[in-house]
Amino acid sequence: MYYSRSVQGDPDNYLSLLSAAQIETLRHVFEHKNSKEIARLMNVSPHTVDERVRRALKKLNVSNRVEAATILARNGVFDDVTPYQPLTYQSLYLSDGVAGDEGDPGQRSAWQVLNIGLPFPTKSQPINRHGLLERIVWPILIAFVTILAFSALYSILVGLGRLT
């Protein structure tokens, strides 16, 4: 869906065209948030967010959400908002970098080499924010350990069967 021209003129015209919810939604779009993040912040469903954006696109006669948000920002509707790119791969809780007892600095554990956290929340990692590596490695590790456990159990049962 492409619209031929965008609305031009007085910024007050934009405010009169759009509802407060649509302006708030486009402000979050301008901050590089996706529909799910916006929905969480505004306590609505992602479908509601998408519908508000669709209606704003139609009212502003633009083709995409970024263009609509940019029009409002360019005309001073979001004066107090600074656009930013969120740090997707940075954890929510930054530590001061002080580690516990590491022993020999040249020795690193397998956990430090793989740099993966536990697959469940802990006291030191209350929010479970796994990256791609952790999402791939944990199921493989669990499957490998399960195979080893069943192999050991099978070996024990075969050994016991030979005793009788």
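Leaving aside its neighbours within four places in sequence, which residues is Leu-18 in contact with?

**View 1. The contacts of Leu-18 in the predicted model.** When neighbours within four places in sequence are set aside, Leu-18 is in contact with Ile-23, Leu-26, Ala-56, Lys-59, Leu-60 and Leu-72.

**View 2. The largest nonpolar core, with its 20 residues.** Within this core, the residues that touch the most other members are Leu-18, Leu-26 and Phe-78. Two or more residues of the core come from each of helix 2 (20–30), helix 3 (35–42), helix 4 (46–60) and helix 5 (65–74).

**View 3. A nonpolar patch on the surface, with an area of about 670 Å².** The patch is made by Phe-150, Leu-153, Ile-156, Leu-157, Leu-160 and Leu-163. One of these residues, Leu-153, lies in helix 7, which covers residues 132–163. Leu-153 counts as partly exposed because its relative accessibility is 43%, a value that falls between the limits of 20% for buried and 50% for exposed.

**View 4. Confidence along the chain, given as pLDDT.** The chain has a mean pLDDT of 75, and 66% of its residues reach 70 or more. Among the elements of the chain, helix 4 has the highest mean pLDDT, at 92, whereas helix 6 (residues 110–114) has the lowest, at 54. The pLDDT is below 50 over residues 1–6, a stretch that has 14 contacts in the model beyond near neighbours in sequence. Over residues 96–103 the pLDDT is also below 50, and this stretch has 2 contacts beyond near neighbours in sequence. Where pLDDT is low, the predicted coordinates should not be read in detail.

How values were computed
Residues are numbered from 1 along each chain as its sequence is written. This is a predicted model: local features need pLDDT of at least 70, side-chain atom pairs count only at pLDDT 80 or more; totals for chains, interfaces and linings use all residues. Side-chain values use heavy atoms; hydrogens and water are left out. Patches are made of residues with over 30% relative accessible area and no salt bridge: like charges are joined within 9 Å, nonpolar side chains (Val, Leu, Ile, Met, Phe, Trp, Tyr) within 5 Å. Accessible areas come from the Shrake-Rupley method with a 1.4 Å probe; for residues, only the protein chains shown count as cover. A salt bridge is a side-chain nitrogen of Lys or Arg within 4 Å of a carboxyl oxygen of Asp or Glu. Helices (H or I, at least four residues) and strands (E, at least two) are DSSP runs, numbered from the N terminus. Buried means under 20% relative accessible area, exposed over 50%, partly exposed in between (1.4 Å probe, protein chains only). A nonpolar core is a set of buried Ala, Val, Leu, Ile, Met, Phe, Trp, Tyr and Cys residues joined through side-chain atoms within 4.5 Å. Contact means heavy atoms within 4.5 Å. pLDDT is the predictor's confidence in each residue, from 0 to 100.
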